[in-house]
Amino acid sequence: MTELATQRQAETAAKGSKPKAALNGARSFWLKQLHSWHWISAAVSLVGMILFAVTGITLNHAASIPGDPVTVEQTATLPAPLLQRLASFPQETTDPVPDAVARWASDALKVEIAGKPTETTAEEVYVALAMPGGDGWVTIDRSTGETLHEKTTRGWIAYLNDLHKGRNAGVVWFWFIDVFAAACVIFAVTGLGLMFLHAKGRPSTWPLAALGLLIPVVIALIFIH
């Protein structure tokens with residue numbers, strides 16, 4: 001009887017250890033996966049997070065940060081053959097200037113207007129050249145060919161602030177922000193998963209997480225009107 005009881009106890013212990021081993025195996029799998037995704041997303045988004053955090057501060061204090069706009073003007077005269085070609089350009093349109101005119105502007109004024117929409121009237125062709133941290137434009141007088149290029153820059157802080165907002169930064173930067181935001185979401189979600197797996201040994205985990213949610217909610221409800 002004693003041997004039979006001992007055998008039954010051993011079988012019961014073995015059965016009980018299987019679910020525990022399976023649970024430990026699953027926990028180990030998720031820990032490995034979450035750690036991998038967490039550090040990869042952190043590496044991908046690290047520089048971007050620093051940039052967006054710093055520019056978040058500069059944007060929040062934009063009114064108290066002095067700007068130092070610098071405006072540069074250039075003038076040139078469109079050659080007669082190109083002016084004749086421009087004469088056949090529609091009287092009112094938003095089409096880009098002819099390629100030959102765009103190449104001339106690139107050579108004479110070091111400005112790229114190829115493919116950019118215009119605000120064309122019977123008197124002039126106007127091309128807006130918005131950019132991060134500044135603005136610019138080119139005008140071409142359709143009767144005389146007199147061309148003026150003006151560019152205004154507002155410094156590196158304004159440049160980085162506009163990158164933060166995605167202002168006039170182009171399609172590539174537009175998609176970079178989306179990819180960066182996705183990496184940040186992965187970083188945050190995998191961090192939440194790691195918190196969940198480690199919370200049992202760290203009693204302050206959920207109170208701190210709840211505090212991180214409670215603080216902005218209270219501020220929004222009480223101080224934002």
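Pro 81, Gln 84 and Ala 87 are exposed, and they sit on the face of helix α2 that is turned away from its buried side. Keep in mind as you rotate the view that this is a predicted model.

Now turn to the other face of the helix. Within α2, which spans residues 80-87, the buried residues are Leu 82, Leu 83 and Leu 86. These leucines lie on the same side of α2 because the arc they cover around the axis is only 105°. The helical repeat is worth recalling here: an α-helix has 3.6 residues a turn, so residues three or four places apart point the same way.

What do the buried residues of α2 pack against? Their partners are helix α3 (99-109) and two strands, β3 (124-128) and β4 (134-141).

Let us follow those strands. β3 and β4 run antiparallel to each other and are paired over five bridges. Together they make a hairpin, with five residues separating the strands. In its turn you will find Gly 133, whose phi is positive at about 75°.

β4 also pairs with β5 (residues 146-153), again in the antiparallel sense, this time over seven bridges. Four residues lie between the strands of this hairpin, and Gly 145 has a positive phi near 85°.

Ile 140 is a handy residue for tying the strands together. Val 125 stands opposite Ile 140 of β4, and Ile 140 in turn stands opposite Thr 147 of β5. From here you can trace your way back to α2, as β4 is among the elements that its buried residues pack against.

Key:
Residues numbered from 1 in each chain as written. Predicted model: local features only at pLDDT ≥ 70, side-chain atom pairs only at ≥ 80, totals over all residues. Heavy atoms only, no water. Buried < 20%, exposed > 50% of the residue type's maximum accessible area, 1.4 Å probe, protein only. Arc of directions from axis to C-beta. Contact = heavy atoms within 4.5 Å. Pairing = 2+ DSSP bridges.
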